[in-house]
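Biologist: Can you pull up the model so we can go through it together? I have a few quick questions.

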Amino acid sequence: MEIREELENIYKNYNLIIGVDEVGRGCLAGPVVSCAIIMKKDSNIDGVTDSKKLSKKKRLALYDKILEECVGYGIGIVDNVKIDEINIKQASRLAMKIAISNIKDLEGNKVSGDFLITDAEKVDVDIPQLNLIHGDELSYVVSCASIIAKEYRDNMFVEYEEKYPNYNFIKNVGYGTKEHYKGIDEFGVTPIHRVTFLKKYFEKKKENES
């Protein structure tokens, strides 16, 4: 069965379909953030796709539209300390599980879904699920989750930039850019850095210095 046909069947047979995605997986700093969202079944916002393919301006324009057309959504956050403890794959799955358990409508009432579509990862929840590779491109509801998660996480870095101004967090949102590594070299690691992600960098640096 083709993916499009499979998705059509899901929409025929289920009413409250959750899309879930996470952002910040490959960053050196900050949490991994997931969004789980249920969109109205007739929702079809023009321009919705994987958040990585959208400009900041476009994401911001879509953000409000998505929230207006959702039945409910939840956010899951797993911080850098937990990421170092359990690894990023398990942390991503945990963030997704937390997001699903946090789904509420815009009035704050808890909402449960009856089917789950994820971007590849299997999540430990008691409802049927489709783990779709490139789900953030192929599934509308996963794309919506991707956009909300991305903007939510980016907003966290406005505060991080104020707390830790030497790493250009406002632009790199924790990813390993030249300015970010320069900040690490000059000012060391912050309490939001993922130590396990920097291990190889420091080992290489030590080799080069010896």
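Modeller: Here it is, and we can take your questions one by one. Keep in mind that this is a predicted model.

Biologist: Start with strand S1. How many of its residues are buried?

Modeller: Seven of its seven residues, 17-23, are buried. Both faces are covered. Ile17, Gly19, Asp21 and Val23 lie on one side. Ile18, Val20 and Glu22 lie on the other.

Biologist: Which strands does S1 pair with?

Modeller: S1 pairs with S4, residues 115-119, in the parallel sense, over four bridges. S1 also pairs with S2, residues 32-39, in the antiparallel sense, and there six bridges join them.

Biologist: Give me residues. What stands opposite isoleucine 17 in S4?

Modeller: Phenylalanine 115. On the S2 side, glutamate 22 has serine 34 as its bridge partner.

Biologist: Now the core. How many residues does the largest nonpolar one have?

Modeller: It has 40 residues. Ile37, Met39, Ile66, Ile117, Ile148 and Phe169 have the most contacts inside it. At least two residues each come from H1, S1, S2, H2, S3, S4, S5 and H6.

Biologist: Which of them gives the most?

Modeller: H6, with ten residues.

Biologist: Is there another core, separate or joined to that one?

Modeller: There is a second, separate core of eleven residues. Among them are Ala36, Ile38, Met96 and Val123.

Biologist: Back to isoleucine 117. What is it in contact with, sequence neighbours aside?

Modeller: Leaving out residues within four places in sequence, isoleucine 117 contacts Ile17, Ile18, Gly19 and Val20, among others. Its contacts also include Leu7, Leu130, Leu132, Ser139, Val141 and Val142.

Biologist: Different topic. Where is aspartate 50?

Modeller: In the loop between S2 and helix H2, which covers 56-68.

Biologist: Buried or exposed, and why?

Modeller: Aspartate 50 counts as buried because its relative accessibility is 3%. The cut-off for buried is under 20%.

Biologist: What is aspartate 50 in contact with?

Modeller: Asp136, Glu137, Ser143 and Ser146. That leaves aside neighbours within four places in sequence.

Biologist: Last one, helix H9. What is its span, and how many of its residues are buried?

Modeller: H9 runs over residues 195-209, 15 residues in total. It reaches 20 Å from its first C-alpha to its last, close to the 21 Å expected. H9 is hardly covered, with one buried residue among the 15.

Terms used:
Residues numbered from 1 in each chain as written. Predicted model: local features only at pLDDT ≥ 70, side-chain atom pairs only at ≥ 80, totals over all residues. Heavy atoms only, no water. Expected span 1.5 Å × (residues − 1). Buried < 20%, exposed > 50% of the residue type's maximum accessible area, 1.4 Å probe, protein only. Pairing = 2+ DSSP bridges. Contact = heavy atoms within 4.5 Å. Core = buried A, V, L, I, M, F, W, Y, C linked by side-chain atoms within 4.5 Å.
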